[in-house]
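Me: Can you walk me through this one? I'd like to go piece by piece.

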Amino acid sequence: MSGQVPLLSVRDLHVTYAAAERPVPAVRGVDIELEVGETLGLAGESGCGKSSLAGALLRLLPGGTEVTGEVLLDGEDVLTMKPGRLRAVRWTDLAIVFQGALHTLNPVQRVGDQIGEAIRLHSKGTSHAKVRERVGELLELVGLPARRARDYPHQLSGGQRQRVLIGLALACEPRLLIADEPTTALDVMVQAQVLRLLEDLQERFGLATIFITHDLSTLASVCRRLAVMYAGRIVEQGPSHDVFAAPTHPYTRALAGAFPVIGDQAFRMAPAGLPGDPPDPRHLPEGCPFHPRCPAAVETCSSVPVELWPAGPGRAAACIHAPGSPVPA
Amino acid sequence: MTAGFISKKVLGALVTLIFVVCFNFFLFRVVDADPVANLFRGKELSQSQRAELREEFGLNGSQGEQFVKYLGQTAQLNFGRSYSTNQPVWDEIKKKAGATIALVGIAAVLSAVIGIMLGIAAAWRRRTKADYGITAFTMGAYSMPEFWLGMLLLTFFAVKLGWFPVGGITDPDSSATGLAKLADQAHHMFLPALTLTLAYLGEYTIIMRSSLLDTMREDYLVLARAKGLRDVLVRNRHAVPNALLPVVALMAINFGFVLSGAIAVEAIFSWPGLGLATYEALKGPDLPMLQGLFLVFSASVILFNLIADILYAWLDPRVRTS
C-alpha cells in the first residue's frame, strides 16, 4: 500500500494562533509528501513557521490554535482523529526529537523512567525487567552507557541529553521521526556527532524523517529533499544537493550564503548576510512576502502574489524569477 | 542525598537555635530591667523580701553570671516558674501544647490539602468560571484577618444559630468520657478549626495555582503529551509533582508556625492552648512564660525549616546534587 498512499501527506496546512488583537497566521498553506524511509529537510529563519508546522503534525499546539487542512498519516487524517486514536498514533507512528535544552526532559525524573514511560504506555503489561532492558538497549543505541538510565537530566551534558531524546523518540519504533532543531543548542563538535547518529539510525531503521533547522548546510548533507520556508509558506523545494548548490529563490541563496566557507577569502572579506528581519505574520507585505528584503526584487514583486512554480527537475520555487514562473519578471 | 548535606543543614539549624537562645535572654532584659519592681508595683516590699524574690527569679548577680546560669538551665529545659501560676514554665507549655497541636495541626493539614486541590483545579481550568470562582473565594478568605473571620463565624454560628459552643475545649457541665468526650471536643473545635483552615487555605491555592501555571508552560509537558499520555496523566505525573515543589517548602514552613500560629483565634474561642497562654502571659506580663513560649515557637520554626530543606532536596534531585 505504500506505493499508493504516501506515509505522510500534508495538504494545505494552515496554523493560526489566537491572539488578543489579531490572529497570527504562522503557517499559511503548506503541502508536504513523504514516502516511507524518505528524509525531508525543512529550513528557515526563526519565526518562519517551521516549528508550528511540526507541532501541528502531532496536534501539540496550545488550545485555541486553529489548524486547518489535512495531515494524512497512511491516509488517515491526524487533525480529525478521536483523542484515543491520536494518543495511540503519537510516538508509535510519529515521534518527535525536540531541541535538547534542559527543560525538554522532566528535570525531576530519571531519564530511564521517562523513556520507560513511553514503552509501558504503548505496550501495556510489559514487565519491569523487560522495560529496563529495552531502556538500556535504547541508550546504548544512541551511544550512552545503559547505567545512565539512573541519571537525572541535569547530570547529563547537552549532547547526552540530545542523545536521550533521540533514544526516547525511538522507544516505540516509529516510522516517522520529526527532528525539531535537534542540534541547535549544541556546540559544533557535538552537533556533528548527533547528526551522524541520526543519519545512522535513519538508515538502519528505514525511518522517514523530517529534519527541521535553520542551518541549510546541515540539511544538505543529511536529507535527500529540502524545503525552505519563509513567512509560513514553502518558498523553494527540490533535491537537497541541487537546491543547496544552485538555489533558485533569492531567500534560499541568502540562507546558503549565510554560512561561511572555511578558507574562502572572498567570504571573509564580505560575509553574505540578509538584511532586515522576517516579516510580522500579522502584517505581511503585499505580493511576495520576501520582496522588502529581496536583492532581486522588481516592481511587480510588491503586487503580484507568488506560488510554487516549477524550477527544474523535481524542483519548485515561489519566485517570479523561477524558470516556470508565468509572471514576466 | 548525602549524609554531608543533611549534617550541614542540621548544623545550620543548631547554630540558628543557639543564636535564638542567646537573643532571647537579652531581648527580655531589654523589655524589663527589674521585673520584681514591676510585678509588685504598689505593694510594700521590704528589702529582704525584694532580695529573696530576685534570688528566686534568678535576677541577682551580673548580667554575665545570669547569662551563664540561663544557658545552663535552658539546656535542661528549665525555663523558670510562671509568675502567674508559680508552676514550672516547661510543665505549663507541655500541658497546653496538645490542644494547640490538635487544633492548628488539623487546620494546617486541611488547608494544605484543600488549598492545593483548589489550586490545581483553578490552574488546570484557567480562565473559566471555576478558576475565577476559586480565585475569588480563596483571595477573599486569605485577605480577611483571622480574628475578624473568627468573630464573624462565632457570632453567626455560635451566638445567632447556636449550632456550636462559643468557646473552650469541653462542655464544663459534661462529665463524658471516651468517645463522647472526643465528640464534645470536636464540636468545640469545629469553629476555630474552620477559621484557621479558611485563613491558611488561600495561600496554598494561590501559590499552587501560579506554580502549576508556570509548570504548564514547560517543554517537558509537550513531550509528555507527544508520547501519547492522556491529559490526566500528563497533569498527575509531570505537571503537579513539579509544581508542588515550592508548595512543599511553604507547607513545611507553615507547619513550623503550628505552635504559635493561632494566638488570635485561640483567644477568641478561649481555646486553652499555647496561643491563649501567650495572650495571657502578655497581659501580665509573665516574662518567664513568654520567654519559654518564644523559645519553643522559635525551635519549632527552625525544626520545620530544617525538615523543609531536607524534604525539598529529597524531592528535587537538582538541589540534592548541586
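What follows is a quick tour in questions and replies.

Me: Ground rules first: what kind of model is this?
Reply: This is a predicted model, where local features need pLDDT of at least 70, side-chain atom pairs count only at pLDDT 80 or more, and totals for chains, interfaces and linings use all residues. Residues are numbered from 1 along each chain as its sequence is written, while chains are lettered from A and ligands numbered from 1 in the order in which they are written.

Me: Which strands make up the open sheet of four in chain A?
Reply: The order is β2-β1-β4-β5, with antiparallel pairing. Strands here are DSSP E runs of at least two residues, helices are H or I runs of at least four, and both are numbered from the N terminus. Two strands pair if DSSP finds at least two bridges between them.

Me: Which ones stand at the edges?
Reply: β2 (24–34) and β5 (76–77) of chain A. Each has a single partner strand, so one side of each lacks a neighbour in the sheet.

Me: How many bridges join β1(A) to β2(A)?
Reply: Eight, between β2(A) and β1 (residues 8–17) of chain A, running antiparallel. In β2(A), A:Ile32 is the bridge partner of A:Val10.

Me: And the open sheet of eight strands in chain A, what's its order?
Reply: β6-β7-β8-β3-β9-β10-β12-β11, and the pairing is mixed. β6 (94–97) and β11 (309–310) of chain A are the edge strands, pairing on one side only.

Me: Do β3(A) and β8(A) run parallel or antiparallel?
Reply: Parallel, over five bridges, with β3 at residues 39–43 and β8 at residues 208–213 of chain A. A:Thr39 stands opposite A:Thr209 in β8(A).

Me: What lies across β6 and β7 of chain A?
Reply: Helix α5 (residues 158–169) of chain A, at about 180 degrees to β6(A). Angles run from 0 to 180 degrees between N-to-C directions, and axes are lines fitted to C-alpha atoms, for helices over the stretch in contact. Contact means that C-beta atoms, placed from the backbone, lie within 7 Å.

Me: Switching to chain B. At what angle do α10(B) and α13(B) pack?
Reply: About 160 degrees, with axes 7 Å apart; α13 covers residues 287–315 of chain B. They are therefore roughly antiparallel to each other (angles over 145 count as that, under 35 as roughly parallel, 65 to 115 as roughly perpendicular, the rest as oblique).

Me: Which residues meet there?
Reply: Among them are B:Leu245, B:Val248 and B:Phe255 in α10(B), and B:Phe304, B:Leu311 and B:Tyr312 in α13(B). By class, the contact has 14 nonpolar, three polar and no charged residues. Ala, Val, Leu, Ile, Met, Phe, Trp, Tyr, Cys and Pro count as nonpolar, Asp, Glu, Lys and Arg as charged, and the others, Gly among them, as polar.

Me: How many residues does each chain put into the A–B contact?
Reply: Chain B gives 18 residues and chain A gives 21 residues. On the chain B side, α9 (219–226), α10 (231–256) and α14 (317–321) each supply at least two residues. The largest share, six residues, comes from α9(B). That side divides into seven nonpolar, four polar and seven charged residues.

Me: Last one: what domains does chain B have?
Reply: Domain 1 (3–75) and domain 2 (93–321), with bounds from an automatic or database domain assignment. Their C-alpha centres lie 33 Å apart. The contact takes 13 residues from domain 1 of chain B and twelve residues from domain 2 of chain B.

Definitions and conventions:
Two residues are in contact if their C-beta atoms, placed from the backbone, lie within 7 Å.
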